[in-house]
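Colleague: Before I use any of the labels on this model at the bench, I would like to hear on what grounds each of them was given. Could you take me through them?

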Amino acid sequence: DLFNNIYPKYKELKLSPALTYIDFFEYNKDKITSIDFINTNLQFNISQSFVNDTKFELNDLNFTLNYKTNKDILSLNIRDGRINDEKEGIVMQTKLIGNKGLYNKNELTNWLESSHNTCSDIFKKLTEGNLYNSFK
């Protein structure tokens with residue numbers, strides 16, 4: 001057993017397992033804003049009416065949504081990002097955080113499989129339509 005060889009006391013540790021996926025969606029910021037990209041390509045909308053003055057321009061977008069699901073927490077963070085200071089786009093981090101507890105190898109494996117399926121379903125639902133079809 002790998003865990004046992006690396007750290008024999010792992011069976012006594014209370015863990016909060018977490019599975020994180022990070023996706024990047026490139027787009028041309030000269031042609032579309034972050035909010036317009038999200039509203040057009042993801043299955044939710046961002047709207048604001050408190051800054052309507054033309055002297056204000058969105059500088060950075062960064063928000064997190066956290067959902068309780070069974071004993072886990074689903075955290076979705078969407079923000080502006082860059083790759084190597086060249087490609088601009090949206091960074092989406094999908095994370096499932098497990099309940100703190102003792103996990104044996106089978107329980108942890110099952111949690112990881114279930115969490116992967118949950119994150120995959122969320123990604124497919126969130127990008128449903130043209131964005132998801134662009135990956136095929």
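Modeller: What follows is a conversation about the labels and the values behind them.

Modeller: Please keep in mind that this is a predicted model, in which local features need pLDDT of at least 70 and side-chain atom pairs count only at pLDDT 80 or more, while totals for chains, interfaces and linings use all residues. Residues are numbered from 1 along each chain as its sequence is written, and side-chain values use heavy atoms, with hydrogens and water left out.

Colleague: How many helices and strands are there in the protein, and in what order do the elements run?

Modeller: The protein has four helices and four strands, and from the N terminus on the elements run α-β-α-β-β-β-α-α. Helices (H or I, at least four residues) and strands (E, at least two) are DSSP runs, numbered from the N terminus.

Colleague: What makes the four strands a sheet, and which of them are the edge strands?

Modeller: Two strands pair if DSSP finds at least two bridges between them. β3 and β4 (residues 87-97) pair over eleven bridges, and β2 and β3 pair over eight, so both pairs satisfy that rule. The result is an open sheet in the order β1-β4-β3-β2, with antiparallel pairing. The edge strands are β1 and β2 (62-69), each of which pairs on one side only, and the twist averages 15° from one strand to the next.

Colleague: What is the bridge partner of R82 in β4?

Modeller: The partner of R82 is E88, and the side chains of R82 and E88 also meet in a salt bridge, at 2.6 Å from N to O.

Colleague: Why is the contact between R82 and E88 called a salt bridge?

Modeller: A salt bridge is a side-chain nitrogen of Lys or Arg within 4 Å of a carboxyl oxygen of Asp or Glu. The pair R82 and E88 has 2.6 Å from N to O, and therefore the term applies. A search of the whole structure finds two salt bridges; K29 and D80 also meet in one, at 3.5 Å from N to O. K29 is in the loop between β1 (18-26) and α2 (34-41), whereas D80 is in strand β3 (residues 72-83), so that the pair links distant parts of the chain, 51 residues apart.

Colleague: Why is D80 called buried and K29 partly exposed?

Modeller: Buried means under 20% relative accessible area, exposed over 50%, and partly exposed in between (1.4 Å probe, protein chains only). D80 has 14% relative accessibility and therefore counts as buried, whereas K29, at 29%, is partly exposed. E88 is likewise partly exposed, with a relative accessible area of 24%.

Colleague: How do you know that T94 is buried, and which residues does T94 touch?

Modeller: T94, which lies in strand β4, has 3% relative accessibility and therefore counts as buried. Contact means heavy atoms within 4.5 Å, and T94 touches L19, T20, Y21, L74, S75, L76 and C119, not counting residues up to four places away in sequence.

Colleague: What makes N84 and D85 worth a remark, and are they buried or exposed?

Modeller: Most residues other than glycine have a negative phi. Phi of N84 is near 50°, a positive value, and phi of D85 is near 55°, also a positive value. N84 is in the turn of the hairpin that β3 and β4 form, with three residues between them, and D85 is in the loop between β3 and β4. N84, at 64% relative accessibility, counts as exposed, and D85, at 67%, is exposed too.

Colleague: How do the helices lie on the sheet strands?

Modeller: Helix α2 lies across β1, β2, β3 and β4, running at about 60° to β4, while α3 (residues 105-126) lies across β1, β3 and β4, at about 25° to β1. Axes are lines fitted to C-alpha atoms, for helices over the stretch in contact, and angles run from 0 to 180 degrees between N-to-C directions.

Colleague: What is the radius of gyration of the protein, set against a compact globule?

Modeller: The protein has 19 Å, where a compact globule of 136 residues would be near 14 Å. The radius is taken over C-alpha atoms, and the globule rule is 2.2 Å times the number of residues to the power 0.38. By that rule, the value of the protein is above that of a compact globule.
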